[in-house]
Amino acid sequence: MEISTKNVFVTGSTRGIGLAIAHKFASIGANVVLNGRSPISDDLLAEFADYGVQVIGISGDVSSQTDAKRMVEEATAALGSIDILVNNAGITKDGMALRMSEDDFEAVLKINLTGTFNMTQAVLKPMTKARAGAIINLSSVVGLMGNAGQANYAASKAGVIGFSKSIAREVAARNVRVNVIAPGFVESDMTAVLSDKIKESMMGQIPMKRFGQAEEVAEVAVFLAKQEYVTGQVIAIDGGLSMY
């Protein structure tokens, strides 16, 4: 798929990996929809001014099917279509399973997994009708490996993988591709506040002995959007963490 002039909707794109993905697509000529649960600020939109593409902000909660449909309709009305959907929105509510509340378990699944379903369902009809489209879902190495204290997050991210492979099979004949990126430890606001001891412990698990960069995840998102013969795949960006 030629990315220039295409329209990309990136959920959860006001910071971190989502924002890096939005910047990467805009830098190569794609129009971008920025999304978050709160209104998109003018300052954030201004970051994209030099790319010479259309960038709009649409706020809403992906865990709400009504919001998901509305956001897709608004984006389509503004840009004409959604050619690429990146489901990046996600939350964590960590805790050991013995003490985890039902609310914390359900809240993480609602955003991370149901939100991915809601947004995917909302774009599938126009994509399959156009016989073109790419959906890129963000999972995590935790969805591949599990992680103590993150049973809810791991379940949601493993669910994203199974969901994506199923949808990929459903829509492949219509030339709509569905793939998954599973990041490992990526430098972010959350890792910035960790102690040196915790960072050293985390890096000790990574064969490449460093954290990933959000921009490295963005590069793979663009790769998956471009490739016409790749679907149903999971690409881990983790410095080798999950290969064992």
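Q: In which sense do strands E1 and E2 pair?
A: This is a predicted model, where local features need pLDDT of at least 70, side-chain atom pairs count only at pLDDT 80 or more, and totals for chains, interfaces and linings use all residues. Residues are numbered from 1 along each chain as its sequence is written, and side-chain values use heavy atoms, with hydrogens and water left out. Strand E1 covers residues 7-10 (helices, H or I with at least four residues, and strands, E with at least two, are DSSP runs numbered from the N terminus), and two strands pair if DSSP finds at least two bridges between them. E1 and E2 share 4 bridges, with Val10 opposite Leu34 in E2, and the sense of their pairing is parallel.

Q: Which hand does the crossover from E1 to E2 have?
A: Between E1 and E2 the chain passes through helix H1, residues 16-27, in a β-α-β crossover. Look with the strands pointing away from you: a clockwise path from the first strand over the helix to the second counts as right-handed. This crossover is right-handed.

Q: Is strand E2 enclosed or open, and why?
A: Buried means under 20% relative accessible area, exposed over 50%, and partly exposed in between, with a 1.4 Å probe and protein chains only. Asn31, Val33 and Asn35 point one way from E2, while Val32, Leu34 and Gly36 point the other way, and all are buried. Because 6 of the 6 residues of E2 are buried, the strand is largely enclosed by the rest of the structure.

Q: Which residue of E3 is the bridge partner of Val33?
A: E2 also runs parallel to strand E3, residues 55-59, and 5 bridges join them. In E3, the partner of Val33 is Ile56.

Q: Which strands are the edge strands of the sheet?
A: The open sheet has 7 strands in the order E3-E2-E1-E4-E5-E6-E7, with parallel pairing. An edge strand here pairs on one side only. The edge strands are E3 and E7.

Q: Which residue of E7 does Pro183 stand opposite?
A: Strand E6 spans residues 176-183, and 4 bridges join it to E7 in a parallel run. Opposite Pro183, in E7, stands Ile237.

Q: Why is H1 called oblique to H9?
A: Axes are lines fitted to C-alpha atoms, for helices over the stretch in contact, and angles run from 0 to 180 degrees between N-to-C directions. Angles under 35 degrees count as roughly parallel, over 145 as roughly antiparallel, 65 to 115 as roughly perpendicular, and the rest as oblique. H1 and H9 pack with their axes 8 Å apart, at an angle of about 55°. That angle makes H1 oblique to H9.

Q: Is Asn87 buried or exposed?
A: Asn87 lies in strand E4. Leaving aside neighbours within four places in sequence, Asn87 has contacts (heavy atoms within 4.5 Å) that include Thr11, Met119 and Ile135. At 3% relative accessibility, Asn87 counts as buried.

Q: How far apart in space are Asn87 and Ser139?
A: Along the sequence, these two residues are 52 residues apart. In space, C-alpha to C-alpha, the distance between Asn87 and Ser139 is 9.2 Å.

Q: What is the phi of Thr5 near?
A: Thr5 lies in the segment before E1, and at 58% relative accessibility it counts as exposed. Its phi is positive, in a residue other than glycine. The value for Thr5 is near 75°.
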